[in-house]
Amino acid sequence: MVAKKRIGYYSNKRIGDKIYHTSTWRKLRRSYYGKKHGLCEQCGKPGDIVDHIEEITEENVNDPFVTFNEENLQLLCLSCHNTKTFKKHFATRDDVMFDEFGQLIKK
Ligand SMILES: [Zn+2]
């Protein structure tokens, strides 16, 4: 009996994985991390993630000016990275907003 193909598996992978597994990225990441002294550029705490300011998409994943450009990188701690990701994916929705305490509420 032949196992069913796992359709959709690859499309579920993050597009950025294409570059995150390359040695070019690993070198760039390490050198960028060193330049920032390993500190989060937002809050100054120990940084964890070298993040692309302009998000990697299908359209730009093969463009080294986006993927391997230090100008498009920022070192973030986990908490700042989560805040950024959270805002990007939720605060742009039309039906929710942040209140004065930074809590996400329905409009
Ligand atoms: Zn931070």
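Helices, taken as DSSP runs of H or I with at least four residues, and strands, taken as runs of E with at least two, are numbered from the N terminus. In the predicted model, the protein chain contains 5 helices and 4 strands, and from the N terminus on these elements follow the order α-α-α-β-α-β-α-β-β. Of the 107 residues of the protein chain, 8% count as buried. Among the contacts in the protein chain with a separation of 6 or more, 51% are accounted for by residues 24 or more positions apart.

Helix H3, which comprises residues 23-35, was examined together with the residue His 37 that comes just after H3. The 13 residues of H3 reach 18 Å from the first C-alpha to the last, a span close to the 18 Å expected at 1.5 Å a residue. The helix H3 is hardly covered, the count of buried residues among its 13 residues being 0.

Just after H3, the backbone at His 37 adopts a positive phi of about 55 degrees, a positive value that here occurs in a residue other than glycine. His 37 is located in the loop between H3 and strand S1, the latter spanning residues 49-52. With regard to its surroundings, His 37 has 10 C-beta neighbours inside 10 Å; because a residue is classed as exposed when 12 or fewer other C-beta atoms lie within 10 Å of its own, His 37 counts as exposed.

Conventions. Residues are numbered from 1 along each chain as its sequence is written. This is a predicted model: local features need pLDDT of at least 70, side-chain atom pairs count only at pLDDT 80 or more; totals for chains, interfaces and linings use all residues. A residue is buried if 20 or more other C-beta atoms lie within 10 Å of its own, exposed if 12 or fewer, and partly exposed in between; C-beta atoms are placed from the backbone. Two residues are in contact if their C-beta atoms, placed from the backbone, lie within 7 Å. The expected span of a helix is 1.5 Å times one less than its number of residues.
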